[in-house]
Amino acid sequence: MAGGNGHEEHTKWVMVIDLDRCNGCGACVTACAMENNVAFVGEDENAYGRGMHWLRLQRYWEGEGDDLRVRYIPTMCQQCSNAPCEPVCPVYATLHSEAEEINLQVYNRCIGTRYCANNCPYIARTFNWFDYEWPEPLNFQLNPDVTVRRRGIMEKCTFCIQRIRRAEEDAKAEGREVYDGEVQPACAQACPTEAIVFGNWRDPNSRVRQLAASERAFKLEEALGTEPKVIYLAGGRHEF
């Protein structure tokens with residue numbers, strides 16, 4: 001198992017989302033925006049398809065008649081092991097972290113070609129059309145651990161890589177491994193129903209490893225061969 005003492009055995013960060021627990025409240029979307037300095041662009045720009053949220057709630061319906069019910073699928077970058085966005089970037093702004101097996105976005109390399117967004121089957125990337133501003137006192141909400149992106153570059157979910165780094169550094173300083181559950185992305189921390197669980201796949205005792213063994217587990221567009229690291233649990237019996 002990988003931990004704070006080094007990357008001799010690489011960590012594989014995985015997210016499990018129980019769709020039976022998700023009630024579409026949107027707390028994860030708001031928490032993600034606050035943690036990662038995601039701009040709120042307003043109704044008009046959203047109407048043009050220029051929304052900046054890294055996480056969206058997709059709706060679908062199950063059943064019919066009196067049994068019709070709405071369900072939600074929280075969708076973000078799926079952190080593909082075989083990411084179609086990576087080989088098309090001409091400046092290597094989107095690349096794979098071998099240490100954590102996360103698809104990274106290097107903002108100071110990006111030149112805004114949007115090839116990565118065009119090649120992403122999950123529509124998980126957003127493009128900065130403007131230099132968004134946070135006039136006082138709104139600037140105090142910005143997270144100093146996360147870059148404020150500029151106009152003309154792509155951005156996306158990174159599993160809150162800043163929180164992963166902090167947990168790894170704390171564990172290394174204390175001479176131990178990262179505990180299961182010690183790293184919580186903003187979306188998982190804010191979820192009131194605990195529908196989102198995050199952890200190290202290579203820890204056989206981790207919650208994500210146990211939940212992913214469920215018969216309800218599936219991945220979005222798995223037939224494409226992108227090998228996502230976000231695993232969903234279809235509606236059914238709770239396993240938490």
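Visitor: How many disulfides does a search of the whole structure find?
Guide: Keep in mind that this is a predicted model. A disulfide is a covalent bond between the sulfur atoms of two cysteines. Searching the whole structure for disulfides gives a count of zero.

Visitor: Why does Cys 116 have no bond to Cys 110?
Guide: Cys 116 is buried, at 7% relative accessible area. Its closest cysteine sulfur belongs to Cys 110, and a disulfide needs the two sulfurs within 2.5 Å. The gap is too far for a bond, at 6.3 Å.

Visitor: And which residue holds the cysteine sulfur closest to that of Cys 160?
Guide: Cys 160 counts as buried too, with 7% relative accessibility. Its sulfur has 6.3 Å to go to the closest cysteine sulfur, which is too far for a bond. That closest sulfur sits in Cys 32.

Visitor: On to the rings. Are the planes of Phe 127 and Trp 129 stacked or edge-to-face?
Guide: Looking for aromatic pairs across the whole structure turns up five. In the pair made by Phe 127 and Trp 129, the ring centres are 5.1 Å apart and the planes meet at 85°. Planes over 60 degrees apart fall in one class, so this pair is edge-to-face.

Visitor: Is Trp 129 buried or partly exposed?
Guide: Its partner Phe 127 is buried, at 15% relative accessible area. Trp 129 comes out at 31%, and buried would need a value under 20%. So Trp 129 counts as partly exposed.

Visitor: What about Phe 130 and Tyr 132: which of the two counts as buried?
Guide: Their ring centres lie 6.2 Å apart with planes at 80°, so the pair is edge-to-face. Phe 130 has 34% relative accessibility and counts as partly exposed. At 18%, the buried one is Tyr 132.

Visitor: Which residue has its charged end over the ring of Tyr 48?
Guide: The distance from that charged end to the centre of the Tyr 48 ring is 5.4 Å. The residue in question also lies over the face of Trp 129, 4.4 Å from the ring centre. It's Arg 50.

Visitor: Zooming out, what is the radius of gyration of the protein chain?
Guide: The chain has six helices and 10 strands, and its C-alpha trace spans about 55 × 45 × 40 Å along the principal axes. For 240 residues, a compact globule would have a radius near 18 Å. The chain agrees with that, so the value to note is 18 Å.

Notes: Residues numbered from 1 in each chain as written. Predicted model: local features only at pLDDT ≥ 70, side-chain atom pairs only at ≥ 80, totals over all residues. Heavy atoms only, no water. Phe/Tyr/Trp six-rings, centres within 6.5 Å; stacked < 30°, edge-to-face > 60°. Buried < 20%, exposed > 50% of the residue type's maximum accessible area, 1.4 Å probe, protein only. Lys NZ or Arg CZ within 6 Å of the ring centre and 35° of its normal. Helix = DSSP H or I, 4+ residues; strand = E, 2+ residues; numbered from the N terminus. Rg over C-alpha atoms; globule rule 2.2 N^0.38 Å.
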